[in-house]
Amino acid sequence: MSWKIDRGLFKYDFTDYHAVLCVPVDADVKDIRKRYLKIARRLHPDSNANASPAEKQLATELLSKWVNPAYEKLSADRTRAEYMVVLSQMGKRLIQDSSTVELNTDLARQLAGTPNVDHAYKSAIAKIAETQYDSLEKVLQIVAYVSELNLVYLMRTAGKSFAASQQATQSQIHTGVPTPNKATNTPPPAPPAPPKEDSVAIQYLRRAQELLGKNQLAQARVELQDAIKLEPNNSRCHSLIGVVYLKQNQSTMAKVHFDRALQLDPNDETALKGKRVLEQALGQKPGGSKVTSSSNGGKQSDKSGNGGLFGGLFGGKKK
């Protein structure tokens, strides 16, 4: 069985955990837990006593590889807050790239044009959830189907705060790009100043930089996630965690945090360098055009992670 999904939000280097559990993207933690428990009971070995060995193995793999990670991501405050940042940013990205988005199912195309998108979307998700895990061989096809509905919903509601019903994490995950003022000449607010020495996040930033210097990426990421939880509008926190994701080859997450850092501080040097590195790694020049090899065998971008593309992000010595 192939575990690869290339439809919906999965096409954008993103794991759509809401599609795995078949819950709306703005579902609250209580509904997510209720849905998870229902799926877990369906996939538990005790519920498959009469199944073939192959079916039991598939149920176990679905639970361990997809369902459990989805619940862990969406139930923990820290990881959930970060995940919702990505959803908010992806909605804006999708609306910008709407002309290139292809929809493969009739239901997704209908959702793209229906007037009452909230009702139609949530009704469709609820209906699909009733039978999502009935046929284990078709589960990933259904996940892809749901993810395409999630993609359309994000496009239709771009800019909406998906955490409106989750007040406990709302202040952490707000990333809406300010809408240009209409009929007014009021200048946009100045970006926040860099963190001061008494910033509550400064200790986390220092520890994260030390860990990055030792290439201990997982630990650095934890420190920065804590820093963002304390100061969600600290550009330095976002630019540094963008570096971590970049080094971990998670390009979508890296771009989200670099964009957020530059939204907060357009002069953030780490974010500016990180975006240039990301564009090179994706084979693009700044602005989105593809990098092509010169006919005379000229220099090509350094793709090495050992001091090449990543080496200049901090302007420090190579380790």
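Buried, on this tour, means under 20% relative accessible area. Keep that cut-off handy while you click around, and bear in mind that the model is predicted.

**Stop 1: a bridge between helix 4 and helix 10**

Select Asp 226 to begin. Its relative accessibility is 18%, so it counts as buried. Now add Arg 78, which makes a salt bridge with Asp 226; the closest N and O atoms sit 2.8 Å apart. Arg 78 is partly exposed, at a relative accessible area of 35%. Colour the helices and you'll see what the pair does: Arg 78 belongs to helix 4 and Asp 226 to helix 10 (residues 217-230), so the bridge ties together parts that are 148 residues apart in sequence.

**Stop 2: helix 4 meets helix 7**

Stay with helix 4 (residues 77-96) and bring up helix 7 as well; the two pack at an angle of about 80°, with axes 8 Å apart. That angle makes helix 4 roughly perpendicular to helix 7. To see where they touch, show side chains for Leu 87, Gly 91, Leu 94 and Ile 95 on helix 4, plus Leu 151, Leu 154 and Met 155 on helix 7. Sorted by class, this contact has six nonpolar residues, one polar and no charged ones.

**Stop 3: His 18**

Next, pick His 18, which you'll find in helix 1 (residues 17-21). Is His 18 buried or exposed? It counts as buried, with 0% relative accessibility. Show what surrounds it: leaving aside residues up to four places away in sequence, His 18 touches Val 23, Pro 24, Val 25, Leu 74, Tyr 83, Met 84, Leu 87 and Asn 150. Leu 87 should look familiar, since it is one of the helix 4 residues that meet helix 7.

**Stop 4: helix 6 alongside helix 7**

Keep helix 7 (residues 139-156) on screen and add helix 6 (residues 117-129); here the packing angle is about 165° and the axes are 11 Å apart. How do the two helices run relative to each other? Roughly antiparallel, as that angle is over 145 degrees. Their crossing is left-handed. For the contact itself, select Val 117, Asp 118, Tyr 121, Lys 122, Ala 124, Ile 125 and Ile 128 on helix 6, then Ile 142, Tyr 145, Val 146, Leu 149, Asn 150, Tyr 153 and Arg 156 on helix 7. The class breakdown is ten nonpolar, one polar and three charged residues. Asn 150 is another familiar face, having turned up among the residues that His 18 touches.

**Stop 5: more salt bridges**

How many salt bridges are there in the model? The count comes to eight. You've already seen the one between Arg 78 and Asp 226, so try a few others.

- Select Asp 106 and Arg 109: they form a salt bridge, with the closest N and O atoms 2.7 Å apart. Both lie in helix 5 (residues 106-113), three residues apart, or about one turn of the helix. Asp 106 is exposed at 53% relative accessible area, while Arg 109 is partly exposed at 42%.
- Move to Glu 130 and Lys 127, whose closest N and O atoms are 3.9 Å apart in their salt bridge. Glu 130 counts as exposed at 51% relative accessibility, and Lys 127 is exposed too, at 57%.
- Finish by selecting Lys 255, Asp 259 and Lys 275 together, which are linked in a network of salt bridges.

Key: Residues are numbered from 1 along each chain as its sequence is written. This is a predicted model: local features need pLDDT of at least 70, side-chain atom pairs count only at pLDDT 80 or more; totals for chains, interfaces and linings use all residues. Side-chain values use heavy atoms; hydrogens and water are left out. Axes are lines fitted to C-alpha atoms, for helices over the stretch in contact, and angles run from 0 to 180 degrees between N-to-C directions. Angles under 35 degrees count as roughly parallel, over 145 as roughly antiparallel, 65 to 115 as roughly perpendicular and the rest as oblique. A crossing is left-handed if the near helix is turned anticlockwise from the far one by less than a right angle, and right-handed if clockwise. Contact means heavy atoms within 4.5 Å. Ala, Val, Leu, Ile, Met, Phe, Trp, Tyr, Cys and Pro count as nonpolar, Asp, Glu, Lys and Arg as charged, and the others, Gly among them, as polar. Buried means under 20% relative accessible area, exposed over 50%, partly exposed in between (1.4 Å probe, protein chains only). A salt bridge is a side-chain nitrogen of Lys or Arg within 4 Å of a carboxyl oxygen of Asp or Glu.
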